[in-house]
Amino acid sequence: MTAETDTQTTTVYRVTGMTCGHCEGAVTSEIAALPGVVSVKAVASAGEVTVVSAAPLADEDVRAAVDEAGYEFAGKA
């Protein structure tokens, strides 16, 4: 899911393998480091990560960040 406003884009991604707060923190930290990211909220129980960014992010960049954190990018929710 992607929603765009005049200045920001909110996208929900599916991430598998997250089971706890540590997992959420690892994924949040890696995605937050991407250029243009304003905020990140990972929810392990839902397997979702909500990202607010200045412009739409490339899926490949998000996938690389999730991979770096040690989890699996499963696409947009």
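## The cysteine pair

Let's start with Cys-20, which is partly exposed at 34% relative accessibility in this predicted model. Its closest cysteine sulfur belongs to Cys-23, 3.5 Å away. A disulfide needs the two sulfur atoms within 2.5 Å, so the distance of 3.5 Å between Cys-20 and Cys-23 is too far for a bond. Cys-23, likewise, is in no disulfide.

The surroundings of Cys-23 are worth a look too: Cys-23 is buried, with a relative accessible area of 5%, whereas Cys-20 counts as partly exposed. A search of the whole structure turns up zero disulfides.

## Strands around strand 4

Strand 4 (residues 48–53) is a good place to turn next. Strand 2 (residues 9–16) pairs with strand 4 in the antiparallel sense, over six bridges. Within this pairing, Thr-10 has Val-52 of strand 4 as its bridge partner.

Strand 3 (residues 37–43) also runs antiparallel to strand 4, and six bridges join them. Here Val-37 stands opposite Ser-53 in strand 4. Strand 3 and strand 4 make a hairpin, with four residues between them. If you follow the backbone through the turn, you will find Gly-47 with a positive phi of about 65°.

## The nonpolar core

Now for the interior. The largest nonpolar core has 20 residues, and those touching the most other members are Met-18, Val-27, Ile-31, Val-49, Val-51, Val-62 and Tyr-71. Two or more residues each come from strand 2, helix 1 (21–32), strand 3, strand 4 and helix 2 (59–69). Helix 2 gives the most, with four residues. In soluble globular proteins, nonpolar side chains tend to be buried together.

Met-18 is a handy residue to centre your view on. Leaving aside residues up to four places away in sequence, Met-18 touches Cys-23, Glu-24, Val-27, Ala-42, Val-43, Ala-44, Gly-47, Glu-48, Val-49 and Tyr-71. Among them are Cys-23, the buried cysteine described above, and Gly-47 from the hairpin turn.

## One salt bridge

Searching the whole structure for salt bridges gives one. The side chains of Asp-59 and Lys-76 meet there, at 3.7 Å from N to O. This pair links distant parts of the chain, since Asp-59 lies in helix 2 and Lys-76 in strand 5 (residues 72–76), 17 residues apart.

How accessible are the two partners? Asp-59 counts as partly exposed, at 28% relative accessibility. Lys-76 is partly exposed as well, at 37%. Side chains of opposite charge can pair when their charged atoms come close.

How values were computed. Residues numbered from 1 in each chain as written. Predicted model: local features only at pLDDT ≥ 70, side-chain atom pairs only at ≥ 80, totals over all residues. Heavy atoms only, no water. Buried < 20%, exposed > 50% of the residue type's maximum accessible area, 1.4 Å probe, protein only. Pairing = 2+ DSSP bridges. Core = buried A, V, L, I, M, F, W, Y, C linked by side-chain atoms within 4.5 Å. Contact = heavy atoms within 4.5 Å. Salt bridge = Lys/Arg side-chain N within 4 Å of Asp/Glu carboxyl O.
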